[in-house]
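Open the model in your viewer and keep the selection tool at hand. We will go from stop to stop, and at each one I will say what to select and what is there.

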Amino acid sequence: MRSNHLQHTMKSTRFSLAAKTGACLALGAVGLFAIVRSAPASSHREAPFITEHPKVDATDFYLFNSYEAGREGFVTAVANYIPLQEAYGGPNYYTMDPEARYEIKFDRDGDALEDLTFRFQFTNTLRDIALQVGTNPGNTKTVSIPLRNVGPIAAGNDGNVNDVESYTLDCVFTQNGHETVVPVRNAATNAKVFKKPIDNIGTKSIPDYHAYAQSHIYDIKLPDGSLGRLFVGQRDDPFVVNLGEAFDLVHLNPLGPVNGREDVIADANVTSLILELPKSFLTLPGQPIVGGWTTASLQQVERLLAPPTYANPTSNAGPWRQVSRLGNPLVNELVIGLKDKDKFNGSRPADDAQFADYVTNPTLPELLEVLFGVTAPNQFPRTDLVAVFATGVPGINMNGSFGEMLRLNTSTPAVPAAQQSNLGVLGGDAAGFPNGRRLGDDVVDMALRVVMGVLLDPAVAPSGQLPYTDGAYVDATMFDSVFPYVRDPFPGAQ
């Protein structure tokens, strides 16, 4: 049951925000609709250009106060990339792009601009394992193998891996447009380079993938000397959705049981960039609320080389251009018009007013009205949505800025997994979405209910109190309760 205090707090925001300017209200709708439309899927293949570059396609972003026992002073951020990975997708599987920058960005002062960024850059190193072919003297050759491994792989023993994926992590402080870059180091060895585990090829290649992946969890030393944790590697995609049915004109029963449909991407993997950071490092003094999002960038000029080599298939030059962006789920996938989807992926939260025309009057309620006979809310502009998705909710996570990003109040106590409501704030759990986003938060069901007017007066939203759902169930029990929280990926073969 919803907390009366939380429900009253969220409902009352529509009155306190009613005097905002039209532009601000429209911008609020951007953040709203971004999540409201999350019913169909997360941000997989959401824009024309990004479909050509799946290695830099962000699929989900999560930001929450760590709920592992004894980690109350930390925040966890999860940025997922490379959508819809088939576990059997060999022989090359799903390496990250060494020509890209992957970043997790934080707004710590409420201006919708990043002032703290964690920047990942990857390197692939070919060992070029070769086998001797032939046994007759004078008639043998040593020939490079065609596969990514030549034998079993285990924790602490990756000698059979043919190409090793590694990465660096930099902490970037931005002030007045100037960047100060400080490398993040391995707390145990002081090294600046970290290894990424190879994908879960199968149980013959990697008999104990869990132990192997766990050996790639690192304690990291941050620029102020404090310690955090880091993991980068393939994981079971945590998002739950009926992908095909949702895009087939919402071929679902939005008033059916919350667990009445299967998760069609249940066996898909993703690649996760996961950080656990001390709250004292992440936040500024007296400002516990942070905004977060993830981006990927490519250099402006790419030239195909002839002949290409393993190390240099292309030559890349010029300034970095952002090509992927994700805070709340589905902003670009089902909110932004087709002509502007690539533009949105290259934009910043501070500039989101340019996309406001797409969302001042959300169309999803009207679509549900036509398809299912419910009644769409009849209050415009939708001021109830501004606080929830564009500014943060007063008393929960409001930070004074307008822009689409996940906002997290780091002073909100984390709730243990067994006690979490998968409806977050709507379920009386102030530590859940839209106060950040945990893995077990059912953002689809929450978004449907909010867009249909659960926070509005029934006089203008007569169908607003119905229990809308996409039928694909998710909660905290489907994930681990310790870092890195996201579960091991499915193997390519058993």
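## A walk from rings to pockets

Start with Y67: at 9% relative accessibility, under the 20% cut-off, this tyrosine counts as buried. Keep in mind throughout that you are looking at a predicted model.

**Stop 1: the rings around F64.** Add F64 to your selection; with 0% relative accessibility, F64 counts as buried. A search of the whole structure turns up 13 aromatic pairs. One of them joins F64 and Y67, a tilted pair with 5.5 Å from centre to centre and 35° between the planes. Now select Y485 too. The ring centres of F64 and Y485 are 5.2 Å apart and the planes stand at 85°, so this pair is edge-to-face. Colour the chain by residue number here, as the pair links distant parts of the chain: F64 sits in strand 1 (residues 58-65), while Y485 is in the segment after helix 10 (443-451), 421 residues apart. Y485 counts as buried, at 0% relative accessibility.

**Stop 2: more rings.** Next, select Y81, Y102, F120, F122, Y167, F194 and Y218 together; ring pairs link these residues into a cluster. For a ring with a charge over it, show R71 and F74: R71 lies over the face of F74, at 3.9 Å from the ring centre.

**Stop 3: helix 9.** Select residues 383-391, which make up helix 9. How many of the residues of helix 9 are buried? The count is 9 of its 9 residues, so by the buried cut-off of under 20% the helix is mostly covered. Among them are D384, L385, V388 and F389. Step on to G392, which follows helix 9 and has a positive phi, near 90°.

**Stop 4: enclosed space.** Switch on a cavity display if you have one. There are 5 cavities of 30 Å³ or more, and the largest has a volume of about 90 Å³. To frame the largest cavity, select R148, D158, V161, D163, V164, E165, K195, K196, P197, I198, Y212 and H216, which line it. Strand 7 (163-175) and strand 10 (193-196) each supply at least two residues of this lining, with the largest share, 3 residues, coming from strand 7. By class, the lining of the largest cavity has 5 nonpolar, 1 polar and 6 charged residues.

Then move to the second largest cavity, which holds about 70 Å³ of space. Its lining includes Y62, F239, R437, D441 and V474. Here the division is 8 nonpolar, no polar and 3 charged.

**Stop 5: the open pockets.** Bring up a surface view. The largest pocket has a volume of about 760 Å³. Of the 30 residues that line the largest pocket, K55, D97, P98, E99 and P313 lie nearest its centre. Strand 4 (116-126), strand 14 (289-304) and strand 15 (314-326) each give two or more residues to that lining. The lining of the largest pocket comprises 13 nonpolar, 10 polar and 7 charged residues.

Finish at the second largest pocket, with a volume of about 280 Å³. Which residues are the closest to its centre? Select L113, E114, T174, G177 and R348, out of the 17 that line the second largest pocket. Strand 3 (100-107), strand 4 and strand 7 are the elements that give two or more residues to this lining. Colour the lining of the second largest pocket by class and you will find 2 nonpolar, 5 polar and 10 charged residues.

Conventions. Residues are numbered from 1 along each chain as its sequence is written. This is a predicted model: local features need pLDDT of at least 70, side-chain atom pairs count only at pLDDT 80 or more; totals for chains, interfaces and linings use all residues. Side-chain values use heavy atoms; hydrogens and water are left out. Rings of Phe, Tyr and Trp (its six-membered ring) pair if their centres lie within 6.5 Å; planes under 30 degrees apart count as stacked, over 60 as edge-to-face and the rest as tilted. Buried means under 20% relative accessible area, exposed over 50%, partly exposed in between (1.4 Å probe, protein chains only). Helices (H or I, at least four residues) and strands (E, at least two) are DSSP runs, numbered from the N terminus. A charge sits over a ring if NZ of Lys or CZ of Arg is within 6 Å of the ring centre and within 35 degrees of the ring normal. On a 1 Å grid over the protein atoms alone, a cavity is a set of points where a 1.4 Å probe fits but cannot get out, and a pocket is an open set with protein on both sides within 12 Å along at least five of seven lines; lining residues have an atom within 4 Å of a point. Grid points are joined across faces, edges and corners, and a volume is the space filled by probe spheres set on the points. Ala, Val, Leu, Ile, Met, Phe, Trp, Tyr, Cys and Pro count as nonpolar, Asp, Glu, Lys and Arg as charged, and the others, Gly among them, as polar.
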